[in-house]
Amino acid sequence: MKRDVTSLQSETKLIFEHSHEGRTGFQAPPTPDSLPAFELPAELQRKNAPRLPEVAESTAVRHYVNLSTRNHHIDRDFYPLGSCTMKYNPKINDEVAALPGFAGLSPWQPASTVQGALELLGELSDALLEVTGMDNITLQPAAGAQGEFTALLMFRAYHMKKGNVRKRIVIPDSAHGTNPASIVLAGYGVTQLPSDSNGLMDIEALKRTLDEDVAGLMITNPNTIGLFESNIAKIIDLVHDAGGLVYMDGANLNALLGISRPGDMGFDACHINLHKTFSTPHGGGGPGSGPVAIKEKLARHLPVPVLKKNGDLFVWDWNRPDSIGSVHTYYGNFGMHVRALAYIRSLGGNGLHAISENAIINANYLRKKLSPTYQIYIDKPCMHEAVFSGNNQKAKGVRTTDIAKRLLDYGIHPPTVYFPLIVPECLMIEPTESETKETLDEFIEVMQQIDREATETPDLLKHAPYTTPVRRLDEAGAARNLNIRYFDNANA
Amino acid sequence: MRYIPNTPDDRSAMLRDIGVSSFEELLEQVPASLRLNRPLKIADGQSEWQVRRDLTHMSEKNLSAMGHACFMGAGSYDHYVPAAVNALASRSEYVTAYTPYQPEVAQGTLQVIFEFQSMICELFGMPAANASMYDGGTALSEAIAMARAHTKRQRIVWTEAVHPSYRRVAETNNIALGMTFDVAPCPNGSQSNDTISMLLGDDVAALVVQYPNFFGIIDDLKQLVDRAHSHGTLVVFVTDPMAMGLLKSPGQLGADIVVGEGQCLGNYMSYGGPYLGLFAASSELVRLMPGRIVGITKDVDGRRGFVLTLQTREQHIRRDKATSNICTNQGLLATRATFYMSMLGPTGLKDIGVASARRTQYLMKKLEAVPGFSIAHKGVHFREFLLKVPGDARLFFKFMSENGILAGIPLTKFGMTDERGLLVALTETRTLEEMDKYVALATGYATGGMK
């Protein structure tokens, strides 16, 4: 018997295992017989067709609908992943991005035929500049990491123009991994500074490292501990005095809308994750969008093309000799730009402020309610996320991984764990403004329950989860016995 | 506020529980001098109806492929997207999930990526593929960084028939690493020429070719690949996935790295994004690959499952030693491509290839016969060709667009000097009527003088 009584766990077939010779889920439009044949010389012809699955449309739909049920997602339940801003993704945004007048545009069309699209990009740019307090912007970067890299290339071009490209970029040890990776790709060395005992940038350490080799500083604000860098103006002055530039990693911008602006703090550049702060869906890993907003002194180095207005007409300006070049083949992830503008229009200026206000209140509510049970890393009001250490539970023999896996049994996605690296057994919780007080109260109860389980039945946690489609997976084994495609021989 | 559930009462209750008397108290770390202290200058929030009305109005100011016959390509193609792709890809389970860092509750996403990798490997005839890059140009950028890391060499040779925009992006993305780039001319539009070989040498990290090439020509590249290998140079193929039902795979031709633009696989043109970069490589390069990779493993009860693997290559683990800085990729587009390819199957892929190629042969033949027009290159064309129009191609485009046809892409758009050149592309969605209308309009344009 092939089918078993339904149980909590199951294996699924691969689409290839549904394949049946002769089936297909597609019919191409007819080609009139009168059209010439396509004659390909024998030496260029493919002998063995690629072994794509052979299934009817109905089989494919059933297969992928079944697979989809094996995912956790925001529309199903709470998803408090720190630094990822898993907020609700409004449905209207997807609908307008799919409008034929947007989805059906070739990127090669002349500007005169896409004025509506360019108007949209202009309005989005203006809104993002108002939110960040910056002077100019590129929407080209397709994700936050590409935004970082784009800004660093602009820093590099700026220093080169001044005659000394410089050698190093400084980051705190609480930085996202993309920061050091982007720095290296931009041709710089990484200087990592330890954070101080308050979880903030250590100003004395910064002073000691600043010299004419330092091209700039990258810092996340609020930082990855969820704290606003209260000395940020001083920090920026120090770097500027040493001739360096300062970049704000905008991963945590959801805390700042209408409250404080990177441009006013003195930053020279920052990126904005439209897929975090501006609600474009994460899509299981992408697409994102990482526009970079900058101060005027960097404007000549913006990637080409740059959107500008000639009278009533929007045009793309390619004639920019000091530009770094292009980081994306076209103009960035346009479909995400449409979604972000729909979101901004839905909320308006006051709504955007309300986003941050509610995100901060929700985070502090969790901080307050959970700190009797879980060790808060820095006991101060936080911004949009609360960072805990699992030290109390570790003392009972239970690791943060175990807490995370047990949360899955309660239908809740775990917080970001083991990041930032400086917090032992870290649990980084970002509830976002989308959640109700009732959801937060439920989460608090679950976290308290898990702590009780850690005391009373620690083994229960160590083997969790029990209710997910599969249980703990052997990740080390996957890397050791690498198996990353269905067919084990190439079929050229 | 329709996306924010907390009411004023909820907020008061929560602030009380937090132990503060106002929201302002929570902002004590933000120095007063850095507070905005005024409302954002962004118009008031709109109802959903207003948002839809206004954005629809904006979209209608554009001239789109939905209302015009689109003959524009160069990496972005007007293929039909089956309804089932849209239906599946609009499921919240795929749309609103994050990167699959908790595999027990992300098996849907992970298995789709595994299937995607498997299909890309099949298309390109390669043993390994990743979960996607941002687009074709950034995929090429990463291929070059990988060739540099593998060979420890700094020079790249590529041909004029490699997409000029991909080249621009790849240069920008690699320039800080000290890479240099030599472009080999392709006077007849073909990459099978001796000048290319002459640029090769023992200091070349990678030779980059496009297949079919930027001008639509299918070059025989076997000798060139062997020549590059004899210098210890890796060969990177920029490949159109839609040609893979017909053409010998890059893997069979000896490619070390294969990249491409995956937009054509079930995704809309959407003014250039979001798209997805395809990336595949030989086995010996797997551990230098950028981006996410999914592998098969077992759970504690012995069930098959899927996880992100070889994560020690990636930035969140390896930081400054990572193979790439990529984190967020184009997951949902790769997901759509997977749905699309599973429905296409080998016959569908081949049928679209043949349908596009036969239309291309037809239009080339017809236009060649129109006085004043000519086809720039000999050679076998797949689904794109370079047309020489009478006078400036931008004027011809304008004339055609006023008559319901997006006729192609003027070469000047790519920074090339040939004002008469127009790159014309066909897909299975172009009809005989549209092609005949194209020819009739071109005939009128030529005889009516150069407008």
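User: Into which domains is chain A divided?

Analyst: In this predicted model, the assignment splits chain A into domain 1, residues 92-345, and domain 2, residues 349-477. The centres of domain 1 of chain A and domain 2 of chain A, taken over C-alpha atoms, are separated by 30 Å. Their contact draws 19 residues from domain 1 of chain A and 21 residues from domain 2 of chain A.

User: What is the make-up of the side of domain 1 of chain A that touches domain 2 of chain A?

Analyst: Nine of its residues are nonpolar, nine are polar and one is charged.

User: How is chain B divided into domains?

Analyst: For chain B the assignment gives a domain 1 made of two segments, 69-80 and 346-447, and a domain 2 covering 83-339. The C-alpha centres of these two domains of chain B lie 28 Å apart. In the contact between them, 26 residues of domain 1 of chain B meet 22 residues of domain 2 of chain B.

User: Which elements give two or more residues to the side of domain 1 of chain B that touches domain 2 of chain B?

Analyst: These are H11 and strand S12 (384-388) of chain B. H11(B) gives the most to this side, with seven residues. By class, the side of domain 1 of chain B that touches domain 2 of chain B has twelve nonpolar, nine polar and five charged residues.

User: Now the sheets. What should I look for in the pairing of strands?

Analyst: Strands of a sheet pair through backbone hydrogen bonds, and the pairing is either parallel or antiparallel. Chain A has an open sheet of seven strands with mixed pairing, in the order S1-S7-S6-S5-S4-S2-S3. Its edge strands, each paired on one side only, are S1 (136-138) and S3 (189-193) of chain A. On average, neighbouring strands of this sheet are turned by 20° against each other, direction ignored.

User: In what sense do S5 and S6 of chain A pair?

Analyst: Strand S5 (residues 245-249) and strand S6 (residues 269-271) of chain A pair in the parallel sense, over two bridges. A:Tyr247 is placed opposite A:Ala269 in S6(A).

User: Which strands does helix H5 of chain A lie across?

Analyst: Helix H5 (residues 144-161) of chain A lies across S1, S2 (168-172), S4 (214-220), S5, S6 and S7 (292-294) of chain A. H5 of chain A runs at about 165° to S6(A).

User: What is the strand order in the four-stranded sheet of chain A?

Analyst: The order in this open sheet is S10-S11-S13-S12, and the pairing is antiparallel. Strand S10 (375-376) and strand S12 (416-417) of chain A are the edges, each pairing on one side only. Inside the order, strand S11 (residues 386-389) of chain A runs antiparallel to strand S13 (residues 426-429) of chain A, and four bridges join them. A:Val387 has A:Met428 in S13(A) as its bridge partner. H10(A) packs on this sheet, touching S10, S11 and S13 of chain A, with a direction about 25° from that of S11(A).

User: How is a pair of packed helices described?

Analyst: Two packed helices are described by the angle between their axes and the distance between the axes. Take helix H12 (residues 400-409) and helix H13 (residues 437-456) of chain A: they pack at about 125°, with axes 10 Å apart. At that angle, H12(A) and H13(A) are therefore oblique to each other. The crossing of H12(A) with H13(A) is right-handed.

User: Which residues of H12(A) and H13(A) meet?

Analyst: A:Ile403, A:Arg406 and A:Leu407 in H12(A) meet A:Val446, A:Ile450 and A:Glu453 in H13(A). The contact of H12(A) with H13(A) holds four nonpolar, no polar and two charged residues.

User: How many residues of chain A are in contact with chain B?

Analyst: 175 residues of chain A contact 177 residues of chain B. Helix H10 (residues 334-370) gives the most to the side of chain A that touches chain B, with 23 residues. That side divides into 93 nonpolar, 57 polar and 25 charged residues.

User: At what angle do H1 of chain A and H11 of chain B pack?

Analyst: Helix H1 (residues 57-68) of chain A and helix H11 (residues 331-368) of chain B pack at about 150°, with axes 9 Å apart. H1(A) and H11(B) are therefore roughly antiparallel, and their crossing is right-handed. A:Glu57, A:Ala60 and A:Tyr64 in H1(A) meet B:Phe339, B:Ser342 and B:Met343 in H11(B). By class, this contact of H1(A) with H11(B) has four nonpolar, one polar and one charged residues.

Conventions:
Residues are numbered from 1 along each chain as its sequence is written. Chains are lettered from A and ligands numbered from 1 in the order in which they are written. This is a predicted model: local features need pLDDT of at least 70, side-chain atom pairs count only at pLDDT 80 or more; totals for chains, interfaces and linings use all residues. Axes are lines fitted to C-alpha atoms, for helices over the stretch in contact, and angles run from 0 to 180 degrees between N-to-C directions. Angles under 35 degrees count as roughly parallel, over 145 as roughly antiparallel, 65 to 115 as roughly perpendicular and the rest as oblique. A crossing is left-handed if the near helix is turned anticlockwise from the far one by less than a right angle, and right-handed if clockwise. Two residues are in contact if their C-beta atoms, placed from the backbone, lie within 7 Å. Ala, Val, Leu, Ile, Met, Phe, Trp, Tyr, Cys and Pro count as nonpolar, Asp, Glu, Lys and Arg as charged, and the others, Gly among them, as polar. Two strands pair if DSSP finds at least two bridges between them. Domain bounds come from an automatic or database domain assignment.
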